[in-house]
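I opened the notebook to look up a few packing and pairing details. Here is what went on the page.

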Amino acid sequence: MKSPKISEGKCKELKNRLDEYIRTCGKRIHYSEVRYVMLRVVCDMEQQPFTTKQLAEAAEREHISRSTVYNVIQFFVKARILQVVNRDTTREHAMYEVLVGKSSHIELKCIRCGRHQRLAIKPIMNVIKEHKFYNFEMHRFSLYIYGECRSCRSNKRLE
Ligand SMILES: [Zn+2]
């Protein structure tokens, strides 16, 4: 699911999360301006999710080296600013997306390899969104659908 650029409001929410995370780390990490520059780059990405390579290219315009990009990505994952979208891939092609708390989504999860994929299935999402829960006001939802992905199923046939 491709979503448009991160809004100003969401970017501010992410900056607060970064401030908070750095504060909780205390003296274990030193202050570095580059993380804030990278947060701006992440928020300005034309599409979400993006690959490490795409992020590195965008960061290059800010004169940020590739190795710094890799480090900051790991830092952002710990700080819950980014989340990895596809796990089983090379470093350059790993995909990340901004973790903003308020989006509802449907996710397919492979029980064999753990691969997962986010989908926006409008008819299903609308049914859940319009449902009136008794004594409960829904803010958002996550729906996980478990099964086996195509490559796991074809591997099984070969066994
Ligand atoms: Zn699988």
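How many of the six residues of strand β6 (residues 142-147) are buried? I found that the count is zero, so to speak of β6 as hardly covered is fair. Buried means that 20 or more other C-beta atoms, placed from the backbone, lie within 10 Å of the residue's own.

A note on the source: this is a predicted model, where local features need pLDDT of at least 70, side-chain atom pairs count only at pLDDT 80 or more, and totals for chains, interfaces and linings use all residues. Residues are numbered from 1 along each chain as its sequence is written.

Next I looked up the sheet. It is open, has three strands in the order β5-β4-β6, and its pairing is mixed; strands are DSSP E runs of at least two residues, and helices are H or I runs of at least four. Pairing takes at least two DSSP bridges. I noted β5 (116-119) and β6 as the edge strands, each pairing on one side only. Strand β4 (residues 105-110) runs parallel to β6, and six bridges join them. Cysteine 110 stands opposite glycine 147 in β6.

Then I turned to the helices. The axes of α3 (residues 52-60) and α4 (residues 66-78) come within 9 Å and cross at roughly 120°. The two helices are therefore oblique to each other (outside under 35 degrees, over 145 and 65 to 115). On the α3 side I listed Thr52, Leu55, Ala56 and Ala59, and on the α4 side Arg66, Val69 and Ile73; contact means C-beta atoms, placed from the backbone, within 7 Å.

Key:
Axes fitted to C-alpha atoms, helices over the stretch in contact; angles between N-to-C directions. Contact = placed C-beta atoms within 7 Å. Buried ≥ 20, exposed ≤ 12 C-beta atoms within 10 Å, placed from the backbone.
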